[in-house]
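Colleague: I have a model open and want the reasoning behind its labels. Take me through it, contact by contact.

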Amino acid sequence: MFIKKILIIIQPVLAICMGLFIGLMIAYGLGENPWSVLKILVNGAFGSTHDLASTLFYTTPLIFTGLSVTIAFQCGLFNIGAEGQLLSGAFAATTVGILFANLGSPLAPFIAICASFIGGALWGFFAGYLKAKRGSHEVINTIMLNFIAVGITSWLTLYVFPNRGTQNPETQEIAAQFRVPSLFLTEHATVNFSFFLALLVAVLTWFFLWKTVLGYKLRATGQNITAARLSGISVNQMQILAMVLAGGVAGLVGVAEILGQAGKFRIGFSPEYGFMGIAVSLLGRNKPLGVVLSALLFGALHKGTMNLDLETENITRDLSLVFEALIILSVTAEGLWSYILERRK
Amino acid sequence: MTIEEIETYCLQLFNSTLRISIPLLFAALGGFFSERSGVINIALEGLMLVGAFASAAIAYFTHSPWLGALGGALIASFFALFYGVFVIYFRANQIVAGVALNMLAFGLIPLIAKVLFDVTGSSPGLSIEDRFQIMPVVLIILLIVFIHFWFQKSSFGLWAKFAGEHPMALHSAGISVFRVRLFSVWLSGILAGLGGMSLSIFLSSAYSRNMTAGRGFMALAALVFGKWKPLPTVFACLLFGFVDALQIQLQGIVLWGAEPVPVQLIQILPYVITILVLSGFVGNARPPSALGLPFTKS
Amino acid sequence: MDEQTLAVEFRNITKTFDNVVANSKVNFKVQKGTIHGIIGENGAGKSTAMNILFGMYSPDAGASSDAGEIKIYNTPVKWNSPFDAIAHGVGMVHQHFMLANTENAVDNIILGAEPVFYALRKLPSFFRLIQTKKAVQKLKTLAKVFDFEIDWETAIEDLPVGVQQRIEILKLLYRNAEILILDEPTAVLNPVETEALFINLKKLKEQGKTVLIITHKLNEIIACTDEVTVFRHGKVVCSLKTKDTSTEALAELMVGRKILLQVSVPPQKEFSKTPVLEINNLVLYSQKKAKKKLDHIGFSVLKGEIVGIAGVEGHGQSELAQILLSPNAKEFAIKGNINIFGKNILSLKTNQIRELGVSFIPENRQAQALLLDSALQENFLLGNHDKGELQFYNFLSFNKIKEKLLKIVRDYDIRPGNPNSLARQLSGGNQQKLVIARECYSQPKLLIASQPTRGVDIGAIQFIHKKIIQVRDDGAGVLLISSELEEILALSDRILVIYAGKIVAEFNRGDPKLSRIGYYMCGASERENVH
C-alpha cells in the first residue's frame, strides 16, 4: 500500500523529468547548452519576486481550467470545452462591467465574478445537456462550442462593444468599480486577487467533491454509472451538473483576465488556457491539490520559456509548448509498461 | 447588377469555394481513414501545420514543389505514426495524445523555423515556379475517385471498416487490428500533410504562423457532418468551403438593415450545423462503434 | 459404428483454472455426421471442454501416463489458438455473435478471406479489389446446399436473430469447417426460429458435417440430436444415444438426485399476509430483438417470506431483477402490473422505488454495485447517501460514516476492515458482504437478491444465508433469484421455477414433489401448479 502511495506521486514526477529531459535535448539539438537552458528556465520562473509574480499570473487561469477539466472528469466526462467556457465567462464579466457602469455598489466586483461564473456555466450547460439528453459525445460538441464561442465573442467585441479609441481588437474598458484589487504590479503581468480566488476555488472544489452528498453522487456517477443508477442517483442530472460547474469554474478565468489584468476583453487573450487545462488536470491526477501544483509547474514553464526567448539565440517561447506536450506524452506512456510486459509473455 | 456581373460573381465564388475547400478535403479524407478504423484523430490540425511548414521549407530549398509535397506528406505521416503507436499500442487516451501532438507540432515548428530561416512566424516566399498551380486540385479529384470507386471495395477497406465497427470480429478472422489501425493513422498523416502542403505552396506562397486556423478541427466537423462516409464528407467540405468563400465575398456588403452581416457569425455556421447533426437534430449521425476505444485482445 | 467415422474424441482431458478443476478426465466420442448434444448445468464444465476443442484453451499437460489427448478424425491434435482449430476444420459459433451491426451478411462472412480479382491478388490489401459478385455467388451457392435462407444485402442489425445465427454458421462453412460447435444456440431464439435452426442442422448433417450443441434445454436435445453427453461437476457422467433416453432421465443425470436439505432454517414467523410485491401479467419485450423476455409472469411475495426463483440463467431472471428497480429503462417495453406495497411502480424512478423500502443485491457486484477504486466507506454510502444520520448539516460526516462502517465490518466480519481500503482489495466474499451490509442497512421491506453468493467462498456463503433469513424474520419480503439450486432449496419458503420467461412450477418448502424440480428447470411442458 505504501509503495502504491509513493508510486502515485512518483509517476507524475517521473513524467515531468522525462518531458523536461527530452525538451532539453531538443534545445541542445537547436544549438543551445541544455544546462544553461535549464538554469534560465528556473531562474526565469522563480528568480525574483518579479518573476514569481509573472509565474503566478500564468498559473492562475491554469488552476481554473485545470479544475474545470477535473470536475468533469470526476463525473466521467471529458471537458475539451474549457476554452470556450472561459471566453464565455470572460465576456459575461465584460458585459456586466460595461452595461452597468453606473452601478455604484461596493459589491460590484462580486457581481462581476458571479457573471463570470454564470457565463462559463451556461456554455458548459450546452455540452452537458447535449450529452445527457441526446447522448452525443461531449468531445466533438465541446470542440465545436469552442469555435462558436470564439466567433460570438469576436463579433460582440468588434461590433457591439468595440473600443473606438484604438485599432486593437478589444472592447471598451469596464467601469473601475468592477475591478479586483491587484497585489503586485509588474510590467507584463499583475498578480491579483484572482490568484487567491483560484486557490479558494480549488479548496471549494475539493470540499464539494469529497465532502458533500452532491459531490459524492457526481463522483459515483463517474466511477460506475450502472451502480450509481441502481442506487437511485439520477445520472443525467449529475452529468449536466458536472458540465455546468466545470464551465463555471473555467469561466472564472474572466476574473483573472478581465477584472484583474486587462479591464477589457481582448480577442485572443488566452494562449490556449483551455487546452492546457487538460494537461494540468492530467498531470495533477484529477485531484484539486495536484491541479494547483501542476498549474504552478506549467505556469513556471510558460514564464521560464519567455525568458529563454529573450536570453537565447535559438529558442523562443514556443519551447514551452514542446515541454508541455512531452510531459503529457510521458504521463500517457504509462501504458508503455503494460505493453512491454504483455510482449514478454 | 448586370447578368455579366452576376456571372462573374458566381464564377468567382465557385472558384474560391474550390480553392478554399482543398485543404479541408485533404484533411477530412485523412480523418476518414483514421476514424473509420476506430482512431479519433484530434491531431489533424497539428499534422496539417507540419505538412504546411515542411513542404514550404523543402520547396524553398529544393526549388521543387513536388519534393516539397512529398516531404511534407512524409514528415507529417511520421508524426502521425508516432501518435498511432502511442494510442494503439500503448493504449494512451486518444484525445489527450492528440492534444499533446498538436501542442508538440505548434511548439516545434516555430523553433525549427527559427533555426532554418531566422524567423519563427513564416518561411521565405516562394517564387511562382516553386509553387503548384493546379496539381492539388487534380490530386484531390483523383483521391476522391479512388476512395469512392476503389478503396471502399478493397480488402483493406473492408478490414478498416471492421476495425472501427467490430475489432473483435476482425481479430477472430485472423487480421491484426493493430496493424490495420496503424496504417490508417499513417495514411491520415499523409493526407493531412498534403492538406497543409496545399495551404502553403498552393493557396499561398509560404508557411505562416497558425495558417491552419482551425481547419483541422473543421475537417473533423465535416467528417461528422458527412456521417463518416466519403462522399457526404466531401460535400460537407465543399459546403464549409462555400460558407468561407461567401463570407469573404460578403465582407462589407450590406444585406439588410444598416449593418453588414457580421463575418464571425457566418464563420461559426459550420460548427453549429455539426452540433445539430451530431445531436441528432438533423439526421442520424452514428460514429463507427469502436471509435476511440483501444483494442484489447482478451 | 466403427472407429473410422469418429470425428472427435476426448480422452482423459483435464483442465484447471487457478485451483478450480473445470474438467476432470473428460472422455467422450462424437461420430462423424451426427448432431451431438453436450448438456450440463452452469459450471458443469461443458463450455470449458468445448473451448478446448475450439482452441481457446489448452488442456493440462499432466504426467505422461494419464496425459489427455484430443483426436480429430483419429489423429491427435494440439492447438495453440482458434486459428489452428479453424485450419483443421473446427469452428465455433458463440453466444455473442461476432458480427458488425452496420455491415451486411456478405461482408461479415468473407472478412479475412475475401475473393479478389485475380490480376490484383499479389498487390497489398489496399489495392486488392474484392470481387463482390463472385463472393455473393459463392455464398448463395453455399447457402443453397444447406438450405439456408439469408438476406444478403441488409445490415446485420436489421436482421432477425435467427438469420444472424445462420450467417455465423455460414461463416464457418465458408471456411470449410467440418465440425461445428454451437454454444447455447437457442438462447436467443424464439420457438419458430428454433424450429428453423433444427431444420438447418439436419441439413448440415445430411451433408456430412458434424455438429456439437452445448445446451441445457432437454426437449431440444430430444428433438434434434442423435447422441448426448452429460457433464456434471467437471466430469462426464455418461454418453447416450438420444433415442434411448428421455428428458426426465437426462434431467436426473444432469442435476443429480437432490436430497432435500434439512437445513436449520427457522420456520417463518407469523406476519399479516400482506403482499410486499405483486406482479400481474407482466410481459417484457426487449425492444431490439422483439423477443419476450418475460411472458405473462405473475406472483407475489408476502411479508416475512422468502420466494426463490429457480432456473437456469438466461430465462428472464436478470431482466426481472432489473425492471423491479428501473422500470423505465429504455431497452425494454413493459406491459402489466408491478405493485410494491400496493403502489404501481411502473412510472417511478429508481430513487423513488428505493424510498418505498426496496434494496437490491445485483448479480454482478463489480459491474453493478461497487466503486472498485473507492474506499469502503464510499461504497457503503452508495444507496445510503441521502440518509440524514450520516450527514452533518447536509455535508457528509465521515465520522458518522466511519462509525457505522466499523460496526458493519465487525458484524459482517469484512476483511480487510480498514475503512480506507479500496473495494478492489477485498475478496469476492468480502465484497459481497459489503454490498449486502449496505443494502440491509436501511432495513429494507423488500429485498431483491440476485445470485447473492456467486463467486463467494463457503464461509461467506453461510453468513450471507443467515443474513437473508434474518431480514426475512424482521418482516421483510425477500425475492431470491439464483441459479444455484441448493441455495434456493435451502432458503426459500416458496419456490417458483422460471423457464423461457414463464413460471412453469410452484412449490412450497418441504414439498416432496421437489425431487422433480430439475425436470421443470430444464424445460418440461407448461405450467403445472404442483400442490
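Modeller: Start with chain A and chain B. They bury about 3900 Å² between them, and 81% of that lies on carbon and sulfur atoms. Keep in mind that this is a predicted model.

Colleague: How do you know which residues belong to the contact of chain A and chain B?

Modeller: Contact means heavy atoms within 4.5 Å. By that test, chain A gives 45 residues and chain B gives 41 residues.

Colleague: What makes A:Asp318 and B:Arg209 a salt bridge?

Modeller: The cut-off is 4 Å between a side-chain nitrogen of Lys or Arg and a carboxyl oxygen of Asp or Glu. For A:Asp318 and B:Arg209, the closest N and O atoms are 3.4 Å apart. That is within 4 Å, so the pair counts. The count between chain A and chain B is one salt bridge. Polar contact also gives one residue pair there, with both residues at pLDDT 80 or more.

Colleague: Which elements of chain A give two or more residues to the side that touches chain B?

Modeller: They are helix 5 (108-134), helix 6 (138-160), helix 12 (273-283), helix 14 (319-332) and helix 15 (334-344) of chain A. Helix 6 of chain A gives the most, with 14 residues. By class, this side of chain A has 31 nonpolar, nine polar and five charged residues.

Colleague: Now chain A and chain C. How much area do they bury between them?

Modeller: About 1900 Å², with 58% of it on carbon and sulfur atoms. A:Val213, A:Tyr216 and A:Leu230 supply 35% of the area that chain A buries against chain C, more than any other three residues. The contact takes 19 residues from chain A and 27 residues from chain C.

Colleague: How do you know that C:Glu378 and A:Arg219 form a salt bridge?

Modeller: Their side chains meet at 2.9 Å, N to O. The limit is 4 Å, so the pair passes. The rule finds one salt bridge across this interface. It also finds nine residue pairs in polar contact, both residues at pLDDT 80 or more. On the side of chain A that touches chain C, helix 7 (193-211), helix 8 (213-223) and helix 9 (225-230) of chain A each supply at least two residues. Helix 8 of chain A gives the most, with six residues. By class, that side has nine nonpolar, six polar and four charged residues.

Colleague: How many salt bridges are there over all chains?

Modeller: The structure holds 23.

Colleague: On to the sheets of chain C. Why are strand 6 and strand 10 of chain C said to stand at the edges?

Modeller: Six strands form an open sheet in the order 6-7-8-3-9-10, with mixed pairing. Strand 6 (90-93) and strand 10 (235-241) of chain C each have a single partner strand, so one side of each is left without a neighbour in the sheet. Neighbouring strands are turned by 20 degrees against each other on average, direction ignored.

Colleague: What makes strand 3 and strand 9 of chain C a pair?

Modeller: A pair needs at least two bridges. Strand 3 (residues 35-39) and strand 9 (residues 227-232) of chain C have four, in the parallel sense. One of the partnerships joins C:His36 to C:Glu227. Strand 9 of chain C also pairs with strand 10 of chain C, antiparallel, over six bridges. There, C:Val230 has C:Cys238 as its bridge partner. The hairpin of these two strands has two residues between them, and C:His233 takes a positive phi near 50 degrees.

Colleague: How do you know that strand 1 and strand 2 of chain C pair?

Modeller: Set eight bridges against the required two: strand 1 (residues 6-17) and strand 2 (residues 20-31) of chain C qualify, in the antiparallel sense. C:Glu9 is bridged to C:Lys29. These strands form a hairpin with two residues between them, and C:Asp18 in the turn has a positive phi of about 50 degrees.

Colleague: What makes strand 16 and strand 22 of chain C edge strands?

Modeller: They belong to an open sheet of six strands, in the order 16-19-20-13-21-22, with mixed pairing. Strand 16 (358-361) and strand 22 (502-508) of chain C each pair on one side only. Within that sheet, strand 13 (residues 306-310) and strand 21 (residues 494-499) of chain C run parallel and are joined by four bridges.

Definitions and conventions: Residues numbered from 1 in each chain as written. Chains lettered and ligands numbered in written order. Predicted model: local features only at pLDDT ≥ 70, side-chain atom pairs only at ≥ 80, totals over all residues. Heavy atoms only, no water. Axes fitted to C-alpha atoms, helices over the stretch in contact; angles between N-to-C directions. Buried area = accessible area lost by both parts, 1.4 Å probe. Polar contact = N/O pair within 3.5 Å; in protein donor to acceptor, adjacent residues only side chain to side chain. Nonpolar A, V, L, I, M, F, W, Y, C, P; charged D, E, K, R; others polar.
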